[in-house]
Amino acid sequence: MTNFRLNVNGAEFSVTTNETTPVLSVLRDNLHLMGAKPGCGEGQCGACTVLVDGNAIHSCITPISDVAARSVVTIEGLGRGAQLHPVQQAFLDHSAFQCGYCTPGMIMACVALLKKNPHPTVQDIRRELNGNLCRCGTYARIIKAVQQAAESAQDG
Amino acid sequence: MAENLRTFIERGLVTGASFTRREALKRLGSGTLFLFSLRNAKAGGQKQPFLTSRLHIGEDGIVTVLTGKVECGQGVRTTLTQVAAEELSLEPGRVRLIMGDTALVPDDGGTWGSLTTPETVPVIRKACSAMRELLCRCAASEWHADLKTLTVTNGQISGTGGRIYAYRDLTRSPLLANAVSADARSIDPNSWRVCGTSLRAINGAAIVRGALPYSSDLVFDRALHGRVLHPPNHRCTLGSFDASEAEHLPEVRVVHDGNFLGVTAPTPDQAAAAVAVIRAEWTNGELGDPRNLFADLKAKAKPPELKEAGRYPALLEAGSLAVGMEAAEHKLEATYHITYIGHVPLEARTAIAQWQGDQVTVHCGTQAPFSVRGEIAKALNIPAENVRVIVSDTGSGYGAKHNSECELEAVRLARGTQEPVRLAWSRHEEFTQAYCRPAAVMEVRSGVQGDGKILAWEFHNYNGGAASLAAPYQIPNRYAAYHASESPLRQGSYRSLAAVGNTFARETHVDELAAMLKLDPLEIRLRNIDNARLKAVLTCAAERFGWGKSRSGNGVGYGLACNVEKGGHLALFTELEVDGSNVHLKRMVAAFDVGAIINPDILSNQVEGAIIQGIGGALFEQLEFDKTRILNGRLVAYRVPRFTDVPDIEVILVDHRDIPSAGAGESPITTTAPSIGSALFAATGKRIRELPMLPAFAGSGS
């Protein structure tokens with residue numbers, strides 16, 4: 001067992017756990033941040049996606065030791081108070097979900113995509129988000145949501 | 001008889017309720033619960049066949065609708081809210097739904113078979129319109145006003161002198177001293193204000209914030225974590241076992257009950273580690289040889305079971321096959337196969353069970369809370385009233401989550417330890433311990449005229465099921481039968497279940513007839529259809545798609561399929577490109593008619609999603625297994641549709657306000673595979689008669 005100092009959504013936490021414990025387990029079991037979801041446990045579905053220093057990672061296969069002293073952002077830390085992040089708003093506007101279980105991870109992957117590539121083509125979006133599964137099949141709506149978010153960032 | 005039955009409403013009295021019921025009622029907050037019953041009006045309303053607690057009116061004026069249906073992503077939390085708001089003449093924001101809490105809500109049946117819209121919508125409509133009528137009646141009585149002059153707007157009636165009569169005033173109405181009969185006409189669909197609009201998902205804001213609590217997100221203080229030692233396959237029984245090493249691990253407890261063997265521990269990791277050191281022998285667990293799957297299914301098939309006419313009779317017969325085949329100018333015979341696939345709901349199931357005395361509460365994400373309650377009660381030999389099942393909005397099911405599996409396991413672990421226990425299935429367990437979509441063999445023999453008119457049609461489904469057994473074509477001589485069989489893998493429900501395989505076989509066969517007769521695949525269908533709604537969706541989608549404007553060939557193919565299933569009329573056109581053994585879906589156009597549309601955006605979302613889920617089963621999804629176990633029960637080994645698999649999809653919705661709404665979450669999956677197969681044949685001349693198609697297509701050589 002090792003003690004880790006973590007920065008999650010701008011707040012400092014201290015967690016004692018094994019070095020190999022996945023980030024997802026620490027977020028959910030220790031910090032009770034339930035936005036990131038378990039889906040497959042092997043980095044295949046993206047439901048557990050969170051940002052580490054702005055990059056999307058699969059938190060179910062990332063050991064906690066990898067993110068110590070780095071900035072972790074989860075879906076809970078994305079908006080500002082009542083204000084939704086433009087990507088969250090775009091998902092809402094396009095009803096880019098059905099059951100919603102993939103949505104937090106999907107939104108985090110979209111935020112990372114737009115940071116890297118503020119004006120993605122449809123092909124870019126498909127390729128970059130291919131690690132995130134929506135079993136309900138709302139892919140076309142998610143693509144539209146990303147395009148709207150990209151435009152609103154441009155306007156703003 | 002039915003017209004003599006009237007709706008009676010009365011204030012709910014809570015007496016003699018069980019502990020779970022009293023606990024449950026706290027969820028409603030302060031206000032009044034209203035009970036509904038249907039009674040024979042002529043008999044003076046003496047007989048009380050069935051009392052249903054359906055509506056609660058809070059002191060804050062919020063109306064709570066209680067239903068046994070649950071939200072799995074298909075949008076019924078929103079559409080049922082719309083229906084209630086419409087009939088109550090109330091803003092949707094003043095309506096709340098409590099779904100799937102067995103101690104509180106009526107048993108509306110499982111959330112399956114696309115039945116929420118055709119069955120539960122009318123029930124809620126009726127209760128809410130009766131409530132609106134009661135509001136008018138009570139206001140008229142109190143104010144000595146003429147009933148006909150009163151209308152409800154925004155949930156209240158405005159009288160002279162600024163008087164207001166609202167739903168919460170009903171609580172004190174002397175009219176409600178006894179049960180009151182109140183039947184009212186539902187709002188005319190042509191006057192809908194809330195229904196027929198694309199009201200956004202009620203839970204949408206919570207979803208995009210990651211704040212919607214699924215059952216796997218629920219946190220219970222002091223809850224232990226469970227893990228079950230599962231057998232290699234469903235046919236195994238537990239022989240001898242040695243759990244002594246697990247029992248000696250700190251804070252680990254082993255629970256053994258017949259064939260069930262599981263552990264609890266303070267953390268999921270500890271529980272997994274404990275299960276890993278249990279040594280168990282499983283006996284009698286042969287699945288059979290997967291290479292002989294289809295031959296075995298046919299060999300073990302039984303004659304069609306003639307039950308009373310239900311939704312899907314196993315035998316459909318008309319005219320004379322012999323006469324039809326004799327008269328036909330051309331004949332065609334072919335066999336089609338579909339294999340086992342998984343539902344793969346992204347949320348693997350989780351259950352949290354807690355006993356208090358002889359009563360147990362289970363939080364879970366099932367599609368069928370009352371079935372799960374019944375199964376738990378039966379397994380433990382306790383009264384159903386002692387089991388409370390509470391369902392959270394679910395990370396979807398697609399027909400996967402009907403039975404008590406994880407739930408019963410959690411209940412056993414909690415009983416064995418007398419502590420609350422949380423049991424979360426892994427993805428691997430979700431693949432290997434849940435039932436899967438049946439494999440099936442379909443045999444078709446047809447006789448046809450040179451102009452494409454089908455005269456004879458013989459259809460057999462082995463092991464799949466009877467949904468979509470009825471062809472939507474006018475065929476004078478026909479015989480269609482479903483033969484149940486013995487399945488090596490545990491099989492169960494699925495989105496549209498057998499309709500996927502039956503529609504694939506039938507539509508592919510019709511496409512083959514068109515090719516044989518050198519007819520246009522759209523034309524041969526239109527020549528055999530006299531269903532005006534099906535014709536309309538076909539022609540409408542064909543026009544939008546631009547059917548016939550470009551010729552297939554050179555690796556580009558255009559195809560189509562149509563179906564009528566669960567009241568939905570659907571046509572789907574596909575454009576694809578083939579590059580070697582790769583199939584690239586470019587564009588799909590669907591037209592769909594389910595009668596009156598309650599929420600166009602939710603409906604469109606369901607159609608898009610069902611088509612996309614169909615792509616997986618059509619092209620690449622399959623469970624692989626050997627004689628003892630499923631081999632590819634992981635997402636790294638089992639391929640489901642991703643962003644790069646999905647074409648542009650356009651959905652045209654045909655709204656018929658005069659036709660009662662059919663359910664729509666399932667049927668649009670049925671045309672995906674045959675539409676792709678039709679386009680694949682058009683592009684390459686290769687006819688693939690099995691699902692998934694890609695392995696067979698790649699193996700067919702170029």
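In the predicted model, the axes of helix α2 (residues 76-88) and helix α3 (residues 116-143) of chain B approach within 8 Å and cross at roughly 30°. The angle falls under 35 degrees, so α2(B) is roughly parallel to α3(B). The crossing of the two helices is right-handed. On the α2(B) side, the contact is made by B:V76, B:L80, B:V83, B:A84, B:E87 and B:L88. On the α3(B) side, the contributors are B:T116, B:V121, B:I124, B:R125, B:C128, B:S129, B:M131 and B:R132. By class, the residues of this contact are nine nonpolar, two polar and three charged.

A helix pair was also examined in chain A. The axes of α2(A) and α3(A) come within 9 Å, with a crossing angle of roughly 125°. The two helices are therefore oblique to each other. α2(A) passes α3(A) in a right-handed crossing. From α2(A), the contact draws on A:V87, A:Q88 and A:F91. From α3(A), it draws on A:T103, A:I107, A:C110 and A:V111. Five of these residues are nonpolar and two are polar, with no charged residue in the contact.

Chain A as a whole holds five helices and five strands. From the N terminus on, its elements follow the order β-β-α-β-β-β-α-α-α-α. The radius of gyration of chain A is 15 Å, close to the 15 Å that the globule rule gives for 156 residues, so the chain is as compact as a globular protein of that length. Along the principal axes, the C-alpha atoms of chain A fill a box of roughly 45 × 30 × 25 Å. Of the 156 residues, 53% count as buried. Among contacts in chain A between residues at least 6 apart in sequence, 61% join residues at least 24 apart.

Chain B contains 17 helices and 27 strands. Its radius of gyration is 28 Å, close to the 27 Å expected from the globule rule for 702 residues, so chain B is as compact as a globular protein of that length. The C-alpha trace of chain B spans about 80 × 75 × 45 Å along its principal axes. Buried residues account for 53% of the 702 residues. Of the contacts in chain B with a separation of 6 or more, 77% are between residues 24 or more positions apart.

The two chains meet at an interface. There, 39 residues of chain A are in contact with 42 residues of chain B. On the side of chain A that touches chain B, four helices each supply at least two residues: α2 (86-93), α3 (103-116), α4 (122-128) and α5 (139-155). By class, this side of chain A has 20 nonpolar, 14 polar and five charged residues. The α2(A) and α3(A) helices of the interface are also the pair that crosses at roughly 125°.

Several loop positions in chain B have notable local features. The peptide bond from B:L691 to B:P692 is cis, with omega near 0°. B:P692 sits in the loop between β27 (690-691) and α17 (693-699) of chain B.

Positive phi values occur at B:R222 and B:Y398. B:R222 is not a glycine, yet its phi is positive, at about 70°. The residue lies in the loop between α4 (204-208) and β9 (224-228) of chain B. B:R222 has 8 C-beta neighbours inside 10 Å and therefore counts as exposed, the cut-off being 12 or fewer. B:Y398, likewise not a glycine, has a positive phi of about 55°. Its place is in the loop between β18 (387-391) and α10 (406-417) of chain B. With 27 C-beta neighbours inside 10 Å, B:Y398 counts as buried; the cut-off here is 20 or more.

B:A470 belongs to the loop between β21 (454-462) and β22 (477-483) of chain B. With 17 C-beta neighbours inside 10 Å, B:A470 counts as partly exposed. Not counting residues up to four places away in sequence, B:A470 touches B:L316 and B:A480. B:A470 and B:R506 are 36 residues apart in sequence, and their C-alpha atoms are 9.6 Å apart in space.

Conventions
Residues numbered from 1 in each chain as written. Chains lettered and ligands numbered in written order. Predicted model: local features only at pLDDT ≥ 70, side-chain atom pairs only at ≥ 80, totals over all residues. Rg over C-alpha atoms; globule rule 2.2 N^0.38 Å. Contact = placed C-beta atoms within 7 Å. Nonpolar A, V, L, I, M, F, W, Y, C, P; charged D, E, K, R; others polar. Axes fitted to C-alpha atoms, helices over the stretch in contact; angles between N-to-C directions. Parallel < 35°, antiparallel > 145°, perpendicular 65-115°, else oblique. Left-handed = near helix turned anticlockwise from the far one by under 90°.
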